[in-house]
Amino acid sequence: MIIFRNLTLSDKNIIDAYCALLNRESCEYCFGNLYGWSKAYAYQFAFFGDALCLSFKPEDGATAYMMPLAEKHRDLQYAIRALYEGHRERGSQKAFSLLCLSPEDCKRLHRLYPDAFLLENDRNEDEYMYEAD
């Protein structure tokens, strides 16, 4: 089972390194955002092999997971399997959820687990940009 822990300022460099390595542009994969919202959404992280795993609790209070950050497909596959099995072992009443997926994440997920996941877009959770003068 993956053991998650709370984010601290001392975790910034390692989390930034994973996000930079995989060129994540989503605000959900930015240490400042994760740390800033860590109390409100109970963001936590763990390493499973060479994958960085992130968990949080959305408004419904159920634990959800972000797409693990892993360079190799094998590491990503092992991390997703461990997250899923841990979710089941905890006896959660909610379905296993991976949130904050990019279109490329969806393609990777489908290649690793064909037809195993229902992929849905929630327009209320889409990224947005501010226009400034």
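**A tour of ring pairs and a helix contact**

In this predicted model, the rings of Phe, Tyr and Trp form 11 aromatic pairs, counted where ring centres lie within 6.5 Å. To begin with one of them, select Phe 96 and Phe 117, whose ring centres are 6.3 Å apart and whose planes meet at 45°, an arrangement that counts as tilted. The label follows because planes under 30 degrees apart would count as stacked and those over 60 as edge-to-face.

Colouring the chain by secondary structure now helps to place the two residues, since this pair links distant parts of the chain, 21 residues apart. Phe 96 sits in the loop between helix H4 (73-89) and strand E5 (98-99), while Phe 117 belongs to the segment after helix H5 (103-112). With a surface displayed, compare their accessibility: Phe 96 counts as buried, at 13% relative accessibility, whereas Phe 117 is partly exposed, with a relative accessible area of 29%.

Next, extend the selection to Phe 4, Tyr 65, Tyr 84 and Tyr 113, which ring pairs link together with Phe 96 and Phe 117 into a cluster.

Finally, turn to helices H4 and H5 themselves, which pack with their axes 11 Å apart and at an angle of about 80°, so that H4 is roughly perpendicular to H5. To see the contact, show the side chains of His 73, Leu 76, Gln 77 and Ile 80 on H4, and those of Arg 108, Leu 109, Arg 111 and Leu 112 on H5. Coloured by residue class, the contact residues of H4 and H5 divide into 4 nonpolar, 2 polar and 2 charged.

Note on methods
Residues are numbered from 1 along each chain as its sequence is written. This is a predicted model: local features need pLDDT of at least 70, side-chain atom pairs count only at pLDDT 80 or more; totals for chains, interfaces and linings use all residues. Side-chain values use heavy atoms; hydrogens and water are left out. Rings of Phe, Tyr and Trp (its six-membered ring) pair if their centres lie within 6.5 Å; planes under 30 degrees apart count as stacked, over 60 as edge-to-face and the rest as tilted. Helices (H or I, at least four residues) and strands (E, at least two) are DSSP runs, numbered from the N terminus. Buried means under 20% relative accessible area, exposed over 50%, partly exposed in between (1.4 Å probe, protein chains only). Axes are lines fitted to C-alpha atoms, for helices over the stretch in contact, and angles run from 0 to 180 degrees between N-to-C directions. Angles under 35 degrees count as roughly parallel, over 145 as roughly antiparallel, 65 to 115 as roughly perpendicular and the rest as oblique. Contact means heavy atoms within 4.5 Å. Ala, Val, Leu, Ile, Met, Phe, Trp, Tyr, Cys and Pro count as nonpolar, Asp, Glu, Lys and Arg as charged, and the others, Gly among them, as polar.
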